[in-house]
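Thanks for asking me to look through this structure with you. My notes are below as numbered points, so keep the 3D view open and follow along.

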Amino acid sequence: MTERLVVIGGDAAGMSAASQARRLKGPEELSIVAFERGHFSSYSACGIPYWVGGDVAERDDLIARTPEEHRARGIDLRTRTEVTEIDVAGRRVRAVDRETGDAYWTGYDKLVIGTGARPVRPPLPGIDAPGVHGVQTLDDGQALLDSLDRTGPGRRRAVVVGAGYIGVEMAEAMLNRGFEVTVLNRGEQPMATLDPDMGRLVHEAMDGLGITTVNRAAVTAIRTGPDGRVSGVETEATTYPADVVVLGIGVEPETELARAAGLPLGPHGGLLTDLSMRVVGHEDIWAGGDCVEVLDLVAKRTRHIALGTHANKHGQVIGANVGGGYGTFPGVVGTAVSKVCDLEIARTGLREKDARAVGLRFVTATIESTGRAGYYPGAALMTVKMLAEYRTGRLLGVQIVGREGAAKRVDIAAVALTAGMTVEEMTALDLGYAPPFSPVWDPVLVAARKASTAVRAAGSG
């Protein structure tokens with residue numbers, strides 16, 4: 001008999017799972033129905049700030065595979081169709097056509113949940129006014145661009161609420177579009193994924209680029225003009241005029257469907273799965289992407305990390321298991337990179353407060369170095385901060401802020417974290433060297449050497 005796989009969500013995790021399952025089983029063995037509430041499938045949400053900012057010319061450049069291409073491969077992908085209910089006992093889902101309003105039930109033998117994440121929208125007065133935008137989907141990006149086009153010539157002002165990855169990337173996009181940009185950040189420094197001392201470097205660089213960053217700024221309301229559109233952002237201290245507002249506060253798992261269906265959620269609101277990405281306690285339901293929690297291999301706790309890299313890997317694992325093969329996803333170390341103009345920002349592993357939260361004692365080491373030999377043209381400074389476990393010297397985390405060549409150096413640390421290396425062991429890594437690419441001692445190894453010295457000093461104290 002032909003089994004039916006139902007997929008909720010037509011982006012990275014869902015369609016990677018569907019495509020991998022289709023490679024392993026043909027339509028005569030497995031029929032695949034996928035529901036996507038938006039217009040698009042299999043696109044790079046991470047690329048949206050660069051499309052909005054003009055670095056990526058066309059929206060379609062972000063689309064890896066269109067709905068028509070999925071259908072041609074034997075996947076019944078239904079766009080503009082939203083799943084509104086999961087009936088676990090009846091093994092079926094209820095879907096609503098967003099164009100016609102028609103609703104119907106579809107049964108499943110196997111179910112994949114890839115509902116993603118949604119931008120955080122705090123319940124503030126005026127938060128839903130025209131001109132206030134979250135940016136999570138291609139539809140969101142198009143709506144923002146349309147809003148920018150409605151802003152007339154002359155002085156144009158954008159306020160970005162939040163200074164995490166989305167916030168700083170959207171600040172750059174607005175700057176590239178010719179807007180005066182103010183970033184309102186509730187925290188001590190921008191980029192709360194870094195320790196405050198490293199976040200301060202990002203703040204200084206953003207100021208140097210002409211982006212006004214206001215820390216400890218709690219937004220209290222969105223103001224609107226006579227036409228009902230946004231006119232400013234109010235904080236406890238003052239009001240910042242705005243022709244457009246972008247919410248960069250972060251995202252949270254889109255798991256209301258799962259919650260209503262009684263599926264298990266973790267402390268961060270994401271679905272809980274086992275190593276095969278199967279939802280805990282449910283033999284024929286899998287979940288992946290931004291709607292799940294993943295195991296942090298360093299902290300040994302689950303966390304929610306919304307990244308396309310994880311979502312695609314989840315989808316490959318799910319598709320293999322649904323299609324009769326075998327795959328597992330062991331966990332993550334929390335690696336992420338970003339940039340604002342020419343400043344590169346990277347982190348992996350634990351911050352100081354993360355280490356304290358799980359009861360780890362640690363030492364830190366911070367160094368400045370260059371990405372190339374100091375005498376080679378174009379050598380630019382970068383700052384590397386490293387955390388190592390007290391006494392054992394096990395690497396716990398690395399943060400890097402700098403110019404060209406800084407961000408991807410974090411991959412060295414990501415591999416070392418995954419392997420459970422000590423900072424002493426890292427100092428002997430055989431990394432590539434030539435003056436155009438690195439000093440004789442790579443900055444990451446310089447930090448490891450300093451951290452190793454700190455570990456020995458702490459142990460003898």
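1. Strands 13, 14 and 15 make up an open sheet of 3 strands, in the order 13-14-15 and with antiparallel pairing. At its edges are strand 13 (219-224) and strand 15 (239-241), each of which pairs on one side only. From one strand to the next, the twist averages 25°. Please keep in mind throughout that this is a predicted model.

2. To see the pairing in detail, zoom in on strand 13 and strand 14 (residues 230-235), which pair in the antiparallel sense over 5 bridges. A good place to begin is Thr224, whose bridge partner in strand 14 is Val230.

3. Another open sheet of 3 strands has the order 4-5-6, and its pairing is antiparallel. Which strands form its edges? They are strand 4 (81-87) and strand 6 (103-107), and each pairs on one side only. On average, neighbouring strands of this sheet are turned by 30° against each other, direction ignored. Strand 5 (residues 92-97) pairs with strand 6 in the antiparallel sense over 5 bridges. Within that pairing, Val93 has Thr106 of strand 6 as its bridge partner.

4. Val93 also leads us to the interior. In soluble globular proteins, nonpolar side chains tend to be buried together. Here, the largest nonpolar core has 41 residues, and Val93, Leu111, Ile113 and Leu271 are those with the most contacts inside it. Strand 2 supplies the largest share of this core, 5 residues. A second, separate core has 40 residues, among them Leu148, Met174, Phe179 and Leu194.

5. Leu271 deserves a closer look. Leaving out residues up to four places away in sequence, Leu271 touches a list of residues that includes Ile113, Ala258, Leu263, Leu265, Val279 and Val292. Thr255, Pro264, Ala287, Cys291 and Glu293 are also among the residues that Leu271 touches.

6. Now for the charged side chains: how many salt bridges are there? The count comes to 33 salt bridges. One of them joins Glu3 and Lys25, with the closest N and O atoms 3.9 Å apart. Glu3 lies in strand 1 (residues 3-8), while Lys25 lies in the loop between helix 1 (12-24) and strand 2 (30-36), so this pair ties together parts that are 22 residues apart in sequence. Is each partner buried or exposed? Glu3 is partly exposed, with a relative accessible area of 27%, and Lys25 counts as buried because its relative accessibility is 18%.

7. Next, find Asp296 in strand 19 (residues 294-296). Its side chain meets that of Arg303 in a salt bridge, at 2.9 Å from N to O. Asp296 counts as buried, because its relative accessibility is 3%. Leaving aside neighbours within four places in sequence, Asp296 is in contact with Arg301, Arg303, Val332 and Leu350.

8. Glu404 and Arg372 give you another salt bridge to display, at 3.4 Å from N to O. Glu404 sits in the loop between strand 25 (395-402) and helix 10 (410-419), and Arg372 sits in the loop between strand 23 (362-370) and strand 24 (381-389), so the pair ties together parts that are 32 residues apart in sequence. Glu404 counts as exposed, at 57% relative accessibility. Elsewhere, salt bridges that share partners join Arg37, Glu82, Arg98, Arg118, Glu252, Glu254, Glu256 and Arg259 into one network.

9. Finally, the cysteines. How many disulfides does a search of the whole structure find? The search finds 0 disulfides. For Cys46, the closest cysteine sulfur is in Cys291, and the two sulfurs are 15 Å apart, so they are too far for a bond. For Cys341, the closest cysteine sulfur is in Cys46, at 19 Å, which is again too far for a bond. Cys46 is partly exposed, with a relative accessible area of 46%, and Cys341 also counts as partly exposed, at 22% relative accessibility.

Key
Residues numbered from 1 in each chain as written. Predicted model: local features only at pLDDT ≥ 70, side-chain atom pairs only at ≥ 80, totals over all residues. Heavy atoms only, no water. Salt bridge = Lys/Arg side-chain N within 4 Å of Asp/Glu carboxyl O. Helix = DSSP H or I, 4+ residues; strand = E, 2+ residues; numbered from the N terminus. Buried < 20%, exposed > 50% of the residue type's maximum accessible area, 1.4 Å probe, protein only. Core = buried A, V, L, I, M, F, W, Y, C linked by side-chain atoms within 4.5 Å. Contact = heavy atoms within 4.5 Å. Pairing = 2+ DSSP bridges. Axes fitted to C-alpha atoms, helices over the stretch in contact; angles between N-to-C directions. Disulfide = S-S within 2.5 Å.
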